[in-house]
Amino acid sequence: MTTDKGYSELAMTTPNYSCPSADGDRFVASEVNADAITASHVRHKFSSWLGCRADIDATRFSDIVLAVNEAMANAAEFAYAHVGGIGKFDVEAVQDGHSRILTVTVSDQGRWRHSDSTEEKRTRGRGIPLMQMLAEDVTIDHSPLGTIVCLRFENVHSRSYGPVVQEVF
Amino acid sequence: MGCVINEEWIGRTVVVSASGVVDMLTSPQLEASITTSLTKNPSAIIIDLSNVEFLASAGMGVLVAARDQTASDIGFGVVASGPATSRPLKLVGLADIVGLYATLDEARAALCE
């Protein structure tokens with residue numbers, strides 16, 4: 001059973017997160033169910049990791065979480081629409097403390113949706129423009145094997161922690 | 001991480017306020033509440049996102065749809081302030097389309113009879 005594996009049900013909305021105890025420069029969510037509720041769980045999990053890992057202001061924090069959300073929302077809403085919405089996606093975020101670059105990759109094995117239909121244009125289709133405005137760089141590779149969205153954020157400073165961090169207060 | 005929605009009437013102005021998260025999971029709730037409020041013949045509708053901590057593009061789409069389904073003689077405004085709400089609305093150019101106000105008082109002053 002792989003549904004929701006490893007994801008906390010806790011809504012973490014304040015900076016007082018428990019930090020990941022190991023492998024703090026990397027966030028990984030594998031084989032995530034491509035649906036709205038699981039994408040929401042992963043967003044919370046990613047937010048708590050980012051809040052622990054990165055020394056950034058509230059605006060930058062919001063920008064990054066929104067951009068990553070939009071990449072996941074694309075996978076959750078559209079990638080598997082042709083097969084009844086059943087599928088998985090993966091999220092990996094890596095922060096390089098030296099280059100201060102945060103790279104977030106969202107990949108699925110579904111289909112890329114090329115454009116909105118006319119009646120949807122006003123109310124939909126802002127995810128990709130948002131990603132492009134919020135990240136320093138966005139690449140979207142789609143093929144018959146799936147889609148990989150890669151977001152790059154620059155000047156994401158690390159918090160200076162000791163080697164083992166249990167809690168942040 | 002859910003979304004709580006309240007409807008409050010000030011005279012014939014309806015204030016639909018959301019708190020929490022407005023994303024692809026919860027935005028249908030907001031959309032349904034707005035649609036219901038519009039059936040009660042308000043003179044103006046204010047969508048108050050002051051207590052929203054996360055607004056995704058799905059929620060922005062609901063705001064545009066609400067603006068589109070509101071008759072032109074009914075006042076319409078959105079209250080939002082902060083990096084998670086008013087900032088992305090401005091970035092995608094929706095501030096002017098939906099009528100963005102920083103506080104509920106400002107929206108009421110502009111829209112209430």
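How are H1(A) and H2(A) oriented relative to each other? Some notes on that and the rest of the packing, bearing in mind that this is a predicted model.

1. Starting with that pair: the axes of H1(A) and H2(A) lie 10 Å apart and make an angle of about 155°. Angles over 145 count as roughly antiparallel, so H1(A) and H2(A) are roughly antiparallel to each other. Their crossing is right-handed.

2. On the residue level, H1(A) brings A:Ala36, A:Ala39, A:Val42, A:Arg43, A:Phe46, A:Ser47, A:Leu50 and A:Gly51 to this contact, and H2(A) answers with A:Phe61, A:Ile64, A:Val65, A:Val68, A:Asn69, A:Met72 and A:Ala76. Sorted by class, the contact of H1(A) with H2(A) has eleven nonpolar, three polar and one charged residues.

3. H2(A) also packs on helix H3 of chain A (residues 127-134), at about 145° and with 9 Å between the axes. Here the crossing is left-handed. From H2(A) the contact takes A:Arg60, A:Asp63, A:Leu66, A:Ala67, A:Glu70, A:Ala71 and A:Asn74; from H3(A) it takes A:Gly127, A:Ile128, A:Leu130, A:Met131 and A:Leu134. The class split for H2(A) with H3(A) is seven nonpolar, two polar and three charged.

4. Over in chain B, have a look at helix H1 (residues 27-38) and helix H2 (residues 57-69), whose axes sit 9 Å apart at an angle of about 15°. That makes H1(B) roughly parallel to H2(B). The crossing of H1(B) and H2(B) is right-handed.

5. For that chain B pair, the H1(B) side consists of B:Ser27, B:Leu30, B:Glu31, B:Ile34, B:Thr35 and B:Leu38, which meet B:Ala58, B:Gly59, B:Val62, B:Ala65, B:Ala66 and B:Gln69 of H2(B). Seven nonpolar, four polar and one charged residues make up the contact of H1(B) with H2(B).

6. Now the voids. There are two cavities of 30 Å³ or more in the structure, and the largest holds about 40 Å³ of space. Its lining draws on both chains: A:Ala36, A:Ala39, A:Ser40, A:Arg43, A:Asn69, A:Met72 and A:Ala73, plus B:Asp23 and B:Met24.

7. Which helix gives the most to the lining of the largest cavity? H1(A) does, with four residues. Helix H1 (36-53) and helix H2 (58-79) of chain A each supply at least two lining residues. By class, the lining of the largest cavity comes to five nonpolar, two polar and two charged residues. A:Ala36, A:Ala39, A:Arg43, A:Asn69 and A:Met72 appear in this lining and also in the contact between H1(A) and H2(A).

How values were computed:
Residues are numbered from 1 along each chain as its sequence is written. Chains are lettered from A and ligands numbered from 1 in the order in which they are written. This is a predicted model: local features need pLDDT of at least 70, side-chain atom pairs count only at pLDDT 80 or more; totals for chains, interfaces and linings use all residues. Side-chain values use heavy atoms; hydrogens and water are left out. Axes are lines fitted to C-alpha atoms, for helices over the stretch in contact, and angles run from 0 to 180 degrees between N-to-C directions. Angles under 35 degrees count as roughly parallel, over 145 as roughly antiparallel, 65 to 115 as roughly perpendicular and the rest as oblique. A crossing is left-handed if the near helix is turned anticlockwise from the far one by less than a right angle, and right-handed if clockwise. Contact means heavy atoms within 4.5 Å. Ala, Val, Leu, Ile, Met, Phe, Trp, Tyr, Cys and Pro count as nonpolar, Asp, Glu, Lys and Arg as charged, and the others, Gly among them, as polar. On a 1 Å grid over the protein atoms alone, a cavity is a set of points where a 1.4 Å probe fits but cannot get out, and a pocket is an open set with protein on both sides within 12 Å along at least five of seven lines; lining residues have an atom within 4 Å of a point. Grid points are joined across faces, edges and corners, and a volume is the space filled by probe spheres set on the points.
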